[in-house]
Amino acid sequence: EAARTEDSRTLLVFQASAQDRMALPLSLVARLEEFPRTALERSGDRIVVQYRDEILPLISLAAYFNRPEALVDTLQVVVFSFHDQHVGLIVDRIVDIVQQVVVVDTRHRRRGIVGSTVLQQQVTDLLDADAVITDAGLFVATAVA
């Protein structure tokens with residue numbers, strides 16, 4: 001049984017933390033944003049930011065993968081539409097957008113990762129954004145009437 005699949009994809013490549021190079025399909029990304037750290041607020045135990053007339057929940061990928069977070073003044077955020085709502089994933093750094101045939105090695109599947117591949121001659125984990133957002137416990141309730 002093969003542990004590899006391959007197809008041509010356009011991927012957003014980023015550093016989730018200093019140690020974690022990752023990618024995800026660009027088709028899942030609604031926007032790329034930057035927010036000053038001073039714009040972050042709290043809603044209960046969640047980090048949020050005011051964004052386009054809504055409250056955008058944020059998930060730090062460094063924290064999700066138990067890595068140290070970068071101490072920067074401006075945060076880079078990948079914004080997703082998830083069940084008709086928005087959520088932002090905080091990343092260390094956006095690296096590039098690449099289009100190439102991707103060979104996914106699923107033997108490296110783990111929490112939040114669907115597998116690994118080689119992009120730009122570097123091993124790159126493929127983020128399972130839906131799993132990360134679901135693990136964060138967001139969007140369990142419907143909108144209040």
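Trainee: In this predicted model, does Ser60 count as buried or exposed?

Mentor: The cut-off to hold it against is under 20% relative accessible area for buried. Ser60 comes in at 11% relative accessibility, so Ser60 counts as buried.

Trainee: Which strand is Ser60 found in, and how many of that strand's residues are buried?

Mentor: Ser60 is found in strand E6, which covers residues 54-60. That strand is mostly covered. The count of buried residues in E6 is 5 of 7.

Trainee: Which side chain does the Ser60 side chain join in a polar contact?

Mentor: Take the contacts first: leaving aside neighbours within four places in sequence, Ser60 touches Glu69 and Ile90. The Ser60 side chain also reaches a backbone atom, the nitrogen of Ala63, at 3.2 Å. For a side chain to side chain polar contact, the distance is 3.4 Å and the partner is Glu69.

Trainee: OK, on to the sheet. In which sense do E5 and E6 pair?

Mentor: E5 spans residues 46-51, and 5 bridges link it with E6. One of the bridge pairs is Gln50 with Ile55 in E6. The two strands form a hairpin with 2 residues between them, and Arg52 in the turn has a positive phi of about 50°. The sense of the E5 and E6 pairing is antiparallel.

Trainee: And what is the bridge partner of Ile59 in E8?

Mentor: E8 covers residues 85-91 and runs parallel to E6, with 3 bridges joining them. In E8, Ile59 has as its bridge partner Leu89.

Trainee: What separation do the C-alpha atoms of Val78 and Ile59 have?

Mentor: Val78 lies in strand E7, residues 74-82. Along the chain, Val78 and Ile59 are 19 residues apart. Their C-alpha atoms are separated by 9.9 Å.

Trainee: Does Val78 count as buried or exposed, and which E8 residue that is the bridge partner of Ile59 does Val78 touch?

Mentor: With 1% relative accessibility, Val78 counts as buried. Not counting residues up to four places away in sequence, Val78 touches several residues, among them Leu12, Val29, Leu32, Val87 and Ile94. Ile59 has its E8 bridge partner in that contact list too. The residue is Leu89.

Trainee: Last one: what is the mean pLDDT of the protein chain, and over which residues is the pLDDT below 50?

Mentor: The mean pLDDT is 88, and 90% of the residues reach 70 or more. One stretch has a pLDDT below 50, and beyond near neighbours in sequence it has 0 contacts in the model. That stretch is residues 140-145.

Conventions. Residues numbered from 1 in each chain as written. Predicted model: local features only at pLDDT ≥ 70, side-chain atom pairs only at ≥ 80, totals over all residues. Heavy atoms only, no water. Helix = DSSP H or I, 4+ residues; strand = E, 2+ residues; numbered from the N terminus. Buried < 20%, exposed > 50% of the residue type's maximum accessible area, 1.4 Å probe, protein only. Contact = heavy atoms within 4.5 Å. Polar contact = N/O pair within 3.5 Å; in protein donor to acceptor, adjacent residues only side chain to side chain. Pairing = 2+ DSSP bridges. pLDDT = per-residue confidence, 0-100.
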